[in-house]
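Hi,

Here is the structure I said I would pass on. Have a look at it first, then read my notes below.

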Amino acid sequence: MIVEEIRSKCLQMQDIDYRDFQSKLMPTVDPETVIGVRTPQLRSLAKELAGRQDLADFLRDLPHLYFEENQLHAFLVSGIRDMGRCLEEVGHFLPYVDNWATCDQMSPKVFRTHKKELEKQIRVWLVSGEPYTIRFAIRMLMDHFLEEDFAVGYPETVAQIRSEEYYVNMMIAWYFATALAKQYEAILPFLEERRLGVWTHNKAIQKAVESYRIDSARKEYLKSLKVKKSSSDIDK
């Protein structure tokens with residue numbers, strides 16, 4: 001059976017030191033579920049499995065037992081070339097994503113050429129109530145709608161999100177920092193008018209100041225927009 005085969009291959013590639021290091025980076029993941037397989041090896045395994053007739057058995061075996069199985073699932077879904085099937089598989093998998101690493105590894109190439117269908121689905125994901133589904137939706141807006149397909153309605157939608165989830169707020173900050181690098185004039189008012197939660201507002205500025213894509217003069221101005229906050233301002 002393909003599930004047992006995949007699990008056996010992952011265990012054979014186990015690197016204990018890497019497992020211990022990786023586990024520390026993912027506080028939401030039970031360390032007991034981390035085998036310790038490096039990403040290039042998982043990508044190679046995904047390529048080997050992509051044409052398997054029984055692959056659907058693995059994709060439907062949810063929730064997966066190991067973190068690496070989730071990573072592999074993300075890579076396999078990202079390689080699907082048919083837009084309709086890809087959206088279906090992503091939608092089926094997202095409710096089971098429980099960590100930032102798996103969420104951020106999933107980046108289907110077919111989305112690049114099907115922006116209209118993607119935009120429609122992003123709006124559904126954004127109101128799902130699932131933190132990693134929301135994080136994924138914001139990431140897709142960041143990856144695909146900040147350049148030639150940019151419209152101010154997208155950051156307006158993201159700015160309205162309020163969450164107590166750290167990994168959602170961090171993605172909002174990452175989105176606005178990246179947006180400042182690509183659409184500075186359109187995005188700056190969101191910070192000048194303090195349209196984000198306090199924590200997210202300051203984190204977006206921090207990440208923008210750390211970016212090499214924003215010039216020093218703009219960085220200095222962004223620093224002046226930071227908001228003093230109390231410990232209770234996690235994201236108001």
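One term before we start: a residue is called buried when its relative accessible area is under 20%, exposed when over 50%, and partly exposed in between. Also keep in mind that this is a predicted model.

Now the overall picture. The protein has 14 helices and 0 strands, so if you read the elements from the N terminus you just get one α after another. Along its principal axes, the C-alpha trace spans about 60 × 40 × 30 Å. A compact globule of 236 residues would have a radius of gyration near 18 Å, and the 19 Å of the protein agrees with that. Buried residues account for 50% of the 236. If you take contacts between residues at least 6 apart in sequence, 71% of them join residues at least 24 apart.

On the surface, about 12,100 Å² is accessible, and 49% of that belongs to carbon and sulfur atoms. As for charges, there are 33 positive and 36 negative side chains, with the centres of the two sets 5 Å apart.

The helix I'd look at is α9 (131-144). It has 14 residues and reaches 20 Å from its first C-alpha to its last, close to the 20 Å expected. Is α9 enclosed or open? It is largely enclosed by the rest of the structure, because 12 of its 14 residues are buried. Among them are Tyr132, Phe136, Met140 and His144, and also two arginines, Arg135 and Arg139. The buried residues of α9 pack against α6 (83-93), α7 (100-105), α8, α10 (153-159) and α11 (166-182).

Glutamate 130 sits in the loop between α8 (115-126) and α9. With 38% relative accessibility, glutamate 130 counts as partly exposed. Its C-alpha is 18 Å from that of methionine 26, a residue 104 positions away along the chain.

Two backbone oddities to finish. Most residues other than glycine have a negative phi, and most peptide bonds are trans. Against that background, leucine 62 and proline 63 are joined by a cis peptide bond, with omega about -5°. You'll find proline 63 in the loop between α4 (55-59) and α5 (67-78). Then there is arginine 194, which has a positive phi of about 50° although it is not a glycine. Arginine 194 lies in the loop between α12 (184-192) and α13 (198-210), and it counts as exposed because its relative accessibility is 54%.

Cheers

Key
Residues numbered from 1 in each chain as written. Predicted model: local features only at pLDDT ≥ 70, side-chain atom pairs only at ≥ 80, totals over all residues. Heavy atoms only, no water. Helix = DSSP H or I, 4+ residues; strand = E, 2+ residues; numbered from the N terminus. Rg over C-alpha atoms; globule rule 2.2 N^0.38 Å. Buried < 20%, exposed > 50% of the residue type's maximum accessible area, 1.4 Å probe, protein only. Contact = heavy atoms within 4.5 Å. Areas by Shrake-Rupley, 256 points an atom, 1.4 Å probe, with all protein chains shown as cover. Lys, Arg positive; Asp, Glu negative; His and termini not counted. Charge placed at Lys NZ, Arg CZ, Asp CG, Glu CD. Expected span 1.5 Å × (residues − 1).
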